[in-house]
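Trainee: Could we go over a few of the labels on this one? I'd like to hear the reasoning behind each.

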Amino acid sequence: MNTRRISAAKSIILLLTLVALPAFSSEFSFEADHSLPLVYVNIALKGGATQDPDGKNGVTDLMSRLLLRGTKFKTKQQVDQTLDQLGAELDTETRAEYIVLRGSVLSENIVPFLALLEEIITTPSFRSTEFEKLKKEHISEVLDQLNNDQKLIRTKFDQVFFQGHPYSKANMGKIKDIQALTLTDIQNQYKHLMDQSRMLILAAGDTQESAFDSFIQHINAKQNFKTNIESIPTFKNVPQKLRVVIFDKPDRTQTQVVIAQSGISFKDPSYDALQLGNFAFGGGSFLSKLMIELRVKRGWTYGAGSGFKMGSQPHTWRASFFPKNSDTPPAIKQALKMITDLRDHGITQEEFDAAKRSMVNSAGFSYNTPSKRIENMLVEKVFGLPAGFHKDTARRIQALTLSDVNNAFKAFIQPDHLMVGLVGTASISRAAIAKELGIPEKSVEVVDYAF
């Protein structure tokens with residue numbers, strides 16, 4: 001694999017032309033892989049939904065999707081037709097801290113595919129007709145999320161837990177904000193984020209590195225907005241005692257429950273120990289403690305799990321499950337007890353050995369294809385991790401001891417700073433949950449699910 005910073009000076013030499021020297025340049029990483037006649041390309045921009053201005057949540061996602069709806073030289077139909085003719089696919093995704101255009105193409109068509117990518121990135125049309133169509137589609141997708149309780153709890157939990165912090169912003173946005181967006185908002189966000197100094201060009205597959213030279217030179221020459229994005233502050237407004245919030249949705253027979261506390265960053269010294277311990281607690285499917293206690297022994301939920309949501313700053317560590325209404329109060333109480341027990345007693349040697357063996361044996365599946373490897377590169381570069389961070393996972397896990405894991409959880413878990421969030425019907429669940437947890441009913445907050 002070869003990683004390099006493409007300078008404007010080198011680009012000039014490559015094309016034997018004289019152009020103005022760009023102030024910044026994109027970063028390029030390429031890995032040759034000739035196992036299949038395909039090339040995978042990720043174009044990522046640091047800065048995602050967290051960069052949405054207040055009152056305009058959703059503008060970044062809408063802008064990134066609109067990039068694929070036509071250029072100054074091609075309509076949406078012509079873009080789609082060109083992709084079909086090249087044997088290519090192209091999609092876009094908005095995450096909290098980056099946007100990524102993911103593409104794949106037959107290796108024999110890599111040059112025209114990159115020409116199309118350049119056109120999409122540097123000359124978007126942002127046509128009003130496509131914008132209005134996309135707004136309607138976007139709002140429909142957000143409404144679908146409101147109707148899907150499992151998706152709803154994830155979004156609403158973060159909005160309440162991180163209230164006032166950039167991590168509270170939903171990747172897809174809020175309906176009322178989306179409805180008010182204008183084309184000027186889209187164009188302004190494009191200029192704010194589309195800066196090649198924050199652009200990552202990641203590729204792997206059946207081609208040569210030189211196939212990207214012209215593409216990179218043109219990107220560096222055309223995109224030069226010189227804008228700054230806001231860094232993500234550390235979240236400090238954590239719950240000072242156990243907090244319970246019901247996102248009130250009528251006529252639920254089942255609840256979606258999330259229990260969470262502040263998490264860790266990738267660079268936390270205990271990252272690997274906590275990942276291994278979490279695998280034993282809630283990340284190992286039917287063998288995890290949560291599954292055994294909540295499903296196998298008690299039959300309260302079909303599924304249960306836990307995991308870390310990651311970012312440049314600590315996000316959350318969360319456990320989730322979905323019991324029927326009558327089982328919700330005791331299931332929450334049992335899960336809270338298990339979290340406290342994890343802090344106080346850790347995991348057993350048998351659980352540790354099984355989790356380590358499983359994580360080490362499966363580590364290779366996270367980088368066994370070119371597309372997976374460039375996804376790993378993307379995370380490593382966006383969050384400033386050392387090259388090969390993911391590939392080194394097995395070695396780091398293998399070096400851990402049981403004491404490493406249990407000491408890490410003893411220092412990490414904060415039962416008094418947990419938030420319990422659930423999508424359910426408040427009139428059914430509120431009093432029962434308060435009674436089971438031994439807290440005043442009025443302390444159980446009720447929020448409309450569609451706020």
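Mentor: Sure, let's take the labels in turn, bearing in mind that this is a predicted model.

Trainee: Why is Arg 102 called partly exposed?

Mentor: Its relative accessibility is 25%. Buried means under 20% and exposed over 50%, so Arg 102 falls in between and counts as partly exposed.

Trainee: And what makes Glu 93 partly exposed?

Mentor: The relative accessible area of Glu 93 is 27%, and the class between 20% and 50% is partly exposed, so that's the label.

Trainee: How do you know that Arg 102 forms a salt bridge with Glu 93?

Mentor: Their closest N and O atoms are 2.5 Å apart. The cut-off is within 4 Å, so the pair qualifies. Both residues also belong to a salt-bridge network with Arg 95 and Glu 375.

Trainee: What makes Asp 149 and Lys 249 a salt bridge?

Mentor: Here the N to O distance is 2.6 Å, and the limit is 4 Å, so this pair passes too. Asp 149 sits in helix 6, whereas Lys 249 is in the loop between strand 7 and strand 8, 100 residues apart. Both are buried.

Trainee: How do you know that strand 4 and strand 5 pair?

Mentor: Pairing takes at least two bridges, and these strands have seven, so they pair. The sense is antiparallel, and a hairpin of three residues joins them. Within it all, Leu 90 has Gly 103 as its bridge partner.

Trainee: What about strand 3 with strand 5?

Mentor: Nine bridges join them, against a minimum of two, so they pair as well, again antiparallel. Val 39 stands opposite Val 105 there.

Definitions and conventions: Residues numbered from 1 in each chain as written. Predicted model: local features only at pLDDT ≥ 70, side-chain atom pairs only at ≥ 80, totals over all residues. Heavy atoms only, no water. Helix = DSSP H or I, 4+ residues; strand = E, 2+ residues; numbered from the N terminus. Salt bridge = Lys/Arg side-chain N within 4 Å of Asp/Glu carboxyl O. Buried < 20%, exposed > 50% of the residue type's maximum accessible area, 1.4 Å probe, protein only.
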